[in-house]
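Trainee: Please examine one part of this structure closely and explain how its pieces are held to one another. I would value a connected account, with the cut-off behind each term.

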Amino acid sequence: MDSLPLNQILEGDCIETMNRLPAGSVDMIFADPPYNLQLGGELLRPDNSKVDAVTDDWDKFSSFAEYDNFTRAWLTAARRVLKDNGTLWVIGSYHNIYRVGAILQDLGYWILNDIVWRKANPMPNFKGTRFTNAHETLLWVSKSQNARYTFNYEAMKALNEDLQMRSDWLLPICSGAERVRIDGEKAHSTQKPESLLHRVILSSTRQGDVVLDPFFGSGTTGAVAKRLGRDYIGIERERRYVQIAAERIAKVERLEDEALAITTSKRAEPRIPFGKLIETGLLQPGCVLTDPQRRYAAKVRADGSLAIKDATGSIHQIGAKVQGAPACNGWTFWHVEQRGKLVPIDQFRQKLRATMASA
């Protein structure tokens, strides 16, 4: 393929299809591969009713070796199509995630996080022979240790009520109206909740990025990507899932640009040296800066340095010196008087950033 089939579901084998996509062309991959659950027969509740478990042929492998070969093949194909600074997410259970993790490292991927998806409403262990399996694990990886990958840290902090997002996520399993059903039966046995994909996509992509899902299933990745203003590519070998996903995604509406804006990191904003404020006339050489309590004063020089009685230096150096402190954020410490009020010089920096962004 010479160009990316954006916002399409490609029917076929994921390895063969990824190998036809242009190399280094997608920003993020979310993979929900077969778990190789190795179920040994029917699972019954205490009342002898049958549990609707994963018994699909696509989850069955003859041996661990066969599963490992399959895993190595699709992860190799994924690595080729992923951009150098892109990331890959893969989800699994104790049945497969350790094997997947070892193969990821063998292939040169760099593990950034293992995320525990703690299910708010897990299925009980009906036999009473083990602990209830109440979580699944996601591995978030980059192509190399030095990759400059996307991580929307501030957005995740905002999503978590201004607390740093942790690596254990308490989210419900897919149920209720969100569960896609046909004639009252689950359309897909392992449909993931949209809340999980919302967090994954929002954390590690930007608007307009391309998200690839090589095990597309019922289309959760595509539905969330479309809503969040990302492009998607789905690969699915089962025709009935292709149809189910296409119908589902067609009903999804993209959010408006204003709703798609996220909290950005200060580190992602363009660096503005203090001297730029002088060059652009936002502050004049010779004006006096002071702290909020007017205890200290410094005069602005033409080269963007500050002068006090016995020293000159940057806004940070002079701010630290007058306080006798080891360090100082000069942008928030120094103020200038305007119309009788003290204004932090950081307001001028933000004004200049806004001007640069709209240019």
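Mentor: Thr-263 is a convenient starting point; its place is in the loop between α8 (257-260) and α9 (274-279), where helices (H or I, at least four residues) and strands (E, at least two) are DSSP runs numbered from the N terminus. The model is a predicted one, in which local features need pLDDT of at least 70 and side-chain atom pairs count only at pLDDT 80 or more, whereas totals for chains, interfaces and linings use all residues. Residues are numbered from 1 along each chain as its sequence is written, and side-chain values use heavy atoms, with hydrogens and water left out.

With a relative accessible area of 41%, Thr-263 is partly exposed; under 20% counts as buried, over 50% as exposed, and anything in between as partly exposed (1.4 Å probe, protein chains only). Setting aside residues up to four places away in sequence, Thr-263 touches Glu-154, Ala-155 and Ala-158, contact meaning heavy atoms within 4.5 Å. The C-alpha atoms of Thr-263 and Ala-158 are separated by 7.1 Å, although these residues are 105 residues apart along the chain.

The loop between α4 and β6 (168-171) holds Glu-161. That residue has a positive phi of about 55 degrees although it is not a glycine, and Glu-161 is exposed at 72% relative accessible area. Asp-162 is placed in the loop between α4 and β6 as well. Its phi is also positive, about 65 degrees, again without Asp-162 being a glycine, and at 56% relative accessibility Asp-162 counts as exposed.

The main subject is helix α5 and its surroundings. Nine of the 11 residues of α5 are buried, so the helix is mostly covered. Among the buried residues are Glu-194, Leu-197, Arg-199 and Ile-201.

Two packed helices are described by the angle between their axes and the distance between the axes. Here α5 and α6 pack at an angle of about 55 degrees, with their axes 9 Å apart. (Axes are lines fitted to C-alpha atoms, for helices over the stretch in contact, and angles run from 0 to 180 degrees between N-to-C directions.) That angle makes α5 oblique to α6; under 35 degrees counts as roughly parallel, over 145 as roughly antiparallel, 65 to 115 as roughly perpendicular, and the rest as oblique. The crossing of α5 and α6 is right-handed, a term used when the near helix is turned clockwise from the far one by less than a right angle, and left-handed when anticlockwise. On the α5 side the contact is made by Glu-194, Leu-197, His-198 and Ile-201, and on the α6 side by Thr-220, Thr-221, Ala-223, Val-224, Ala-225 and Arg-227. These residues divide into five nonpolar, three polar and two charged, with Ala, Val, Leu, Ile, Met, Phe, Trp, Tyr, Cys and Pro counted as nonpolar, Asp, Glu, Lys and Arg as charged, and the others, Gly among them, as polar.

Helix α6 (residues 220-227) also meets α7, their axes coming within 9 Å and crossing at roughly 20 degrees. The two helices are therefore roughly parallel to each other, and α6 passes α7 in a right-handed crossing. From α6 the contact involves Thr-220, Gly-222, Ala-223 and Lys-226, and from α7 it involves Arg-248, Ile-249 and Ala-250. The contact of α6 with α7 comprises three nonpolar, two polar and two charged residues.

Charged side chains add a further connection. Glu-194 forms a salt bridge with Arg-248, their closest N and O atoms being 3.0 Å apart; a salt bridge is a side-chain nitrogen of Lys or Arg within 4 Å of a carboxyl oxygen of Asp or Glu. Because Glu-194 lies in helix α5 (residues 194-204) and Arg-248 in helix α7 (residues 239-250), the pair ties together parts that are 54 residues apart in sequence. Both partners, Glu-194 and Arg-248, are buried. A network of salt bridges links Glu-194, Arg-227 and Arg-248.

A search of the whole structure finds 14 salt bridges. One of them joins Arg-349 to Asp-346, with the closest N and O atoms 2.7 Å apart. Arg-349 and Asp-346 are three residues apart in helix α12 (residues 346-358), which means that about one helical turn separates them. Arg-349 is buried at 15% relative accessible area, and Asp-346, at 17%, counts as buried too.
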